[in-house]
Amino acid sequence: MKKNLKVSKILWSIGIASLFLTSCLFVSCNSKKEKKAELATLIFSNSSGSAYTPLYNISVADGLTEKYGLKPKIELIDDSMGPLQTGKIDGRINNLTKPLIAGGNGADIYIFVGTMGGGHIVYANKKIADKVRDPKNWKGYKVGLATQVTSQLVLNSFLKEAYGYTNDDIDFKYLDSDPAAIGVCSKGEVDITSVYYSQRELAESQGLVEIAELVDYSPDYACCRQAANGKSFRKNRPLYVAWSKGLIEAWKIYNNDENRTIEIIQEITHQDEEWVRNHIYDAKGTAHITFNPDPYYNGVLKQYRISVDQGYINKEHPRPLEEYFDISVYADALKEVIAEHPGDQFYKDMWAYFVAHNDKYPGFAEKYPETL
């Protein structure tokens, strides 16, 4: 009887211990789940017409921001500014001209980091292509462009800066879209146009002749930037730093691990490897597109000035670009990444690029050293 009682006590002790261990494991697992659930979220939109944008795709797929406390959510919606301005989303990944113009006219938003640059081709009607290969000969010709898009602002800025050309020298015609611009150029209603590289097949099928890439006229120009809702940006600044850190780390993966990058984009686009490679790594095929996340204030400043000049931004009282263009979030993010990887030259080179492309920002020299 005593022996059975002793065995019962031992079994009871083992049961209690097992229950305690199970409870600890349960609490531990729940704690981990709660910790994961506690990650903050920012909602970003990308254009419904472009599901892939390599850096954010890499960052999301590889969980690059989660170690900094951010779990981003991406929604594919149309290109309107409404969701951003009303706060239904925290950030917008694509496009520069719409937030540039909206912010210049008082919208509570901030442009803060880059998505892409380059990517446009300049075409001419085949009858006059040889005559207009040099843009200094464009005086008196008609140029047809989709309105309020990067190529319109970059071309206008370049022609004014390089040759002093204005709307009095060149007859600009504005269309609803790139395909519309291609159509009127092929008919001879305008002489020259510039469209996104994805329209190459359409342009060439209608007999247009490529006379240049837009980077030939304006090297390294800014295209799509990312914009944030003003209230969210001020409230959640550390999260935007985390988001930017993810983009910075993704830029290194994009440059150093093509196989991983292509694998990620294939999963999103359901295209074969050749298609993906052609669209994100073929410099000539994409009209020298780049996905550098640098904010590039200097390049955006040119487009801001031409937007004011052409009346898209109130000429009488234009809001200064630096009021709604923030370079500090990206700078802080890059500083942190460099500090976390002190021997990594790739990130140090990104700082040199940042200095060269943002040094026209007011007070830049006082805030940011040339080297870290």
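# Reading sheets, cavities and ring pairs

Tutor: Start with one residue pair: alanine 228, in β10, is the bridge partner of glycine 91. This is a predicted model, in which local features need pLDDT of at least 70, side-chain atom pairs count only at pLDDT 80 or more, and totals for chains, interfaces and linings use all residues. Residues are numbered from 1 along each chain as its sequence is written, and side-chain values use heavy atoms, with hydrogens and water left out.

Student: In which sense do strand β3 and strand β10 pair?

Tutor: Two strands pair if DSSP finds at least two bridges between them. Strands (E, at least two residues) and helices (H or I, at least four) are DSSP runs, numbered from the N terminus. Here β3 (residues 91-92) and β10 (residues 225-229) are antiparallel, with two bridges.

Student: In what order do the five strands of that open sheet stand?

Tutor: The order is β2-β1-β3-β10-β4, with mixed pairing. β2 (73-77) and β4 (109-114) are the edges; each has a single partner strand, so one side of each lacks a neighbour in the sheet. Helix α4 (residues 97-104) lies across β3, β4 and β10, at about 145° to β4. Such angles run from 0 to 180 degrees between N-to-C directions, with axes fitted to C-alpha atoms, for helices over the stretch in contact; contact means heavy atoms within 4.5 Å.

Student: Which strands form the open sheet that holds β7 and β9?

Tutor: Five strands do, in the order β7-β6-β8-β5-β9, again with mixed pairing. The edges are β7 (171-175) and β9 (209-213). Strands β6 (residues 142-146) and β8 (residues 192-196) run parallel, joined by two bridges. In β8, isoleucine 192 stands opposite valine 143. Helix α5 (residues 150-163) lies across β5 (120-124), β6, β7 and β8, at about 145° to β6. Helix α6 (residues 178-186) touches β5, β6, β7 and β8, and makes about 150° with β8.

Student: How many cavities of 30 Å³ or more are there?

Tutor: A cavity is a set of points on a 1 Å grid where a 1.4 Å probe fits but cannot get out; lining residues have an atom within 4 Å of a point. The count here is two. The largest has a volume of about 60 Å³. Its lining includes Met116, Asp220, Arg225 and Tyr353. The second largest holds about 40 Å³, with Thr53, Leu55 and Gln226 among its lining residues.

Student: How is the aromatic pair of tyrosine 110 and phenylalanine 233 arranged?

Tutor: A ring pair is described by centre distance and plane angle. Rings of Phe, Tyr and Trp (its six-membered ring) pair if their centres lie within 6.5 Å; planes under 30 degrees apart count as stacked. The structure holds 25 aromatic pairs. Tyrosine 110 and phenylalanine 233 are stacked, at 4.8 Å centre to centre and 25° between the planes. This pair links strand β4 to helix α9 (residues 230-235), 123 residues apart.

Definitions and conventions
On a 1 Å grid over the protein atoms alone, a cavity is a set of points where a 1.4 Å probe fits but cannot get out, and a pocket is an open set with protein on both sides within 12 Å along at least five of seven lines; lining residues have an atom within 4 Å of a point. Grid points are joined across faces, edges and corners, and a volume is the space filled by probe spheres set on the points. Rings of Phe, Tyr and Trp (its six-membered ring) pair if their centres lie within 6.5 Å; planes under 30 degrees apart count as stacked, over 60 as edge-to-face and the rest as tilted.
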